[in-house]
Amino acid sequence: MTRQISRRSMLKAAGAAGAVIGTTTLATPASAADAPFTHPGLLHTRTDLDRMAAKVKAGAKPYAAGFTKLTANRHAQSGWRANPQATVYRGAGSPQNYAALYNDIHAAYQNALRYHVGGEDAHADTAVAILNAWSGKLTSIQGSADRFLAAGLYGYQFANAAELVRDRDDFDLGRAQELLSDVFLPLSDGFLSHHNNAVVTNYWPNWDLTALACVLATGIFCDDRAVVERAVEYFKHGDGMGSVRHAIPVVHDDGLAEWVEAGRDQGHALLGVGLMGTVCEMAWNQGIDLYGYDDSRFLKGAEYVAKWSLGGDVPYTANTRSKGAIGGWSGSETATEAAGVDPGMTRPIWAMIANHYTRRRGLSASYVTRAAIKAAPEGGGGDYGPNSGGFDQLGFGTLAFTRERAAEVSSAPSPGPAASDGAAGGVRPQASASPVAGGDLAATGSADTVGWAAAAGITALAGGLLLLRRRGRAG
């Protein structure tokens with residue numbers, strides 16, 4: 001079955017050069033009215049892809065270890081064949097087949113990434129074939145409330161895989177844009193507006209964040225400024241628990257901020273941090289600084305979750321949320337303390353966050369950095385178990401997000417479309433956003449992580465010295 005392309009949903013693709021991040025001055029994002037979208041410009045820019053390829057070719061650590069992790073994954077093989085479905089179901093009570101979708105999307109992403117790094121056309125051909133097969137057949141996502149999770153998670157992931165091959169002649173860009181706009185986006189956009197007809201706090205942050213990631217990725221992939229602006233506005237001011245001040249409601253004097261879903265369990269808190277990081281990274285690559293929004297609030301929340309997940313003690317302010325359906329049943333639930341953790345639990349989420357704050361901005365992120373070192377080299381879908389939780393992040397952060405040490409003066413993102421209220425672009429990050437490392441950055445794990453840890457330690461020290469100099473000038 002081939003889905004017909006409606007004239008209404010045919011979209012133009014606008015190309016732009018990869019982002020270039022300044023090292024000595026703070027750039028200001030261009031206005032939404034006059035800046036084209038950057039492509040590729042979701043999780044990876046052209047600059048990022050070129051860096052990965054050059055570093056792997058040179059055998060540089062830890063990139064080489066990250067690439068080895070990628071090439072060993074069964075999803076990253078050019079022999080992968082797609083299994084597209086007309087309707088995808090997720091949730092109890094339905095004939096669940098959503099594993100076919102997430103396995104194929106991760107195969108497309110991994111093959112596309114392998115093509116950019118290793119240069120073998122066979123992997124690009126495989127990625128294109130997978131994505132074209134799904135855009136030519138998928139018409140609906142159904143199931144229980146879990147259908148919103150499927151739309152959010154696999155929508156942002158499909159967009160990221162497709163972004164890596166959007167300039168290939170054999171890739172059907174228009175059909176991929178239609179699939180995202182007509183199948184994935186309505187569910188995710190609708191969830192952020194109506195929350196499945198439940199009270200707004202019924203769903204924990206990760207539900208909002210899956211939808212938010214899909215809305216933002218779709219807006220960028222389809223060059224739709226209005227959609228991008230809706231996502232940015234929700235991140236900042238949304239009513240649901242996934243907006244930044246609801247997901248991270250309490251900031252403490254020590255620079256850590258409570259992640260509300262820590263009162264639920266570790267796995268979902270890690271999922272939420274990974275998703276918020278994904279949203280911030282995609283926005284950054286379009287010139288929108290959500291990483292630094294509200295005095296780097298996300299950094300403070302990520303540091304909290306990293307410390308807690310590593311086995312550290314963290315405070316938790318009792319949180320009561322209302323539950324129920326609008327016009328129907330109602331109730332409430334109170335979390336009074338951070339849940340227990342397994343320090344061995346991990347998701348491939350930390351390298352992206354640690355590298356942004358320590359390498360791009362020169363800030364200390366001691367707990368996030370320790371978590372990243374412990375997890376390195378990060379894998380991707382298929383490396384963290386066969387169930388859906390192992391496919392919630394695209395992963396491979398050691399390869400994709402390891403960066404050179406930041407200059408002393410932090411930089412904002414390169415020009416891109418700003419959100420309607422300025423998107424906090426060009427705001428100088430505060431060196432006090434996280435406690436100075438103080439010995440937390442000792443290298444651990446394999447030899448391939450030692451250089452990463454050493455550079456991160458230098459960055460943390462530089463951040464501390466910069467803070468002292470600023471305080472000296474202020475005093």
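1. Helix 7 and helix 8 are a good place to start in this predicted model. Helix 7 spans residues 205-221 and helix 8 spans residues 225-237; their axes come within 7 Å and cross at roughly 150°. With angles over 145 degrees counting as roughly antiparallel, the two helices are therefore roughly antiparallel to each other. The crossing of helix 7 and helix 8 is left-handed.

2. If you would like to look at the contact itself, helix 7 contributes Asp-208, Leu-212, Val-215, Leu-216, Gly-219 and Ile-220. From helix 8 come Val-227, Val-228, Ala-231, Tyr-234 and Phe-235. By residue class, this contact between helix 7 and helix 8 has nine nonpolar residues, one polar and one charged.

3. Next, a residue in a loop. Pro-343 sits between strand 6 (330-335) and helix 12 (350-360). Is Pro-343 buried or exposed? Neither label fits: Pro-343 is partly exposed, because its relative accessible area is 35%, and partly exposed covers values between 20% and 50%.

4. Pro-343 also has partners elsewhere in the sequence. Leaving aside residues up to four places away, Pro-343 touches Ser-309, Leu-310, Gly-311 and Lys-374. For Leu-310, which is 33 residues from Pro-343 along the chain, the C-alpha atoms of the pair are separated by 5.0 Å.

5. Finally, the chain as a whole. Its secondary structure comes to 15 helices and six strands, and 59% of its 475 residues count as buried. Among contacts between residues at least 6 apart in sequence, 78% join residues at least 24 apart. The accessible surface of the chain is about 17000 Å², and 51% of that surface belongs to carbon and sulfur atoms.

Notes. Residues numbered from 1 in each chain as written. Predicted model: local features only at pLDDT ≥ 70, side-chain atom pairs only at ≥ 80, totals over all residues. Heavy atoms only, no water. Axes fitted to C-alpha atoms, helices over the stretch in contact; angles between N-to-C directions. Helix = DSSP H or I, 4+ residues; strand = E, 2+ residues; numbered from the N terminus. Parallel < 35°, antiparallel > 145°, perpendicular 65-115°, else oblique. Left-handed = near helix turned anticlockwise from the far one by under 90°. Contact = heavy atoms within 4.5 Å. Nonpolar A, V, L, I, M, F, W, Y, C, P; charged D, E, K, R; others polar. Buried < 20%, exposed > 50% of the residue type's maximum accessible area, 1.4 Å probe, protein only. Areas by Shrake-Rupley, 256 points an atom, 1.4 Å probe, with all protein chains shown as cover.
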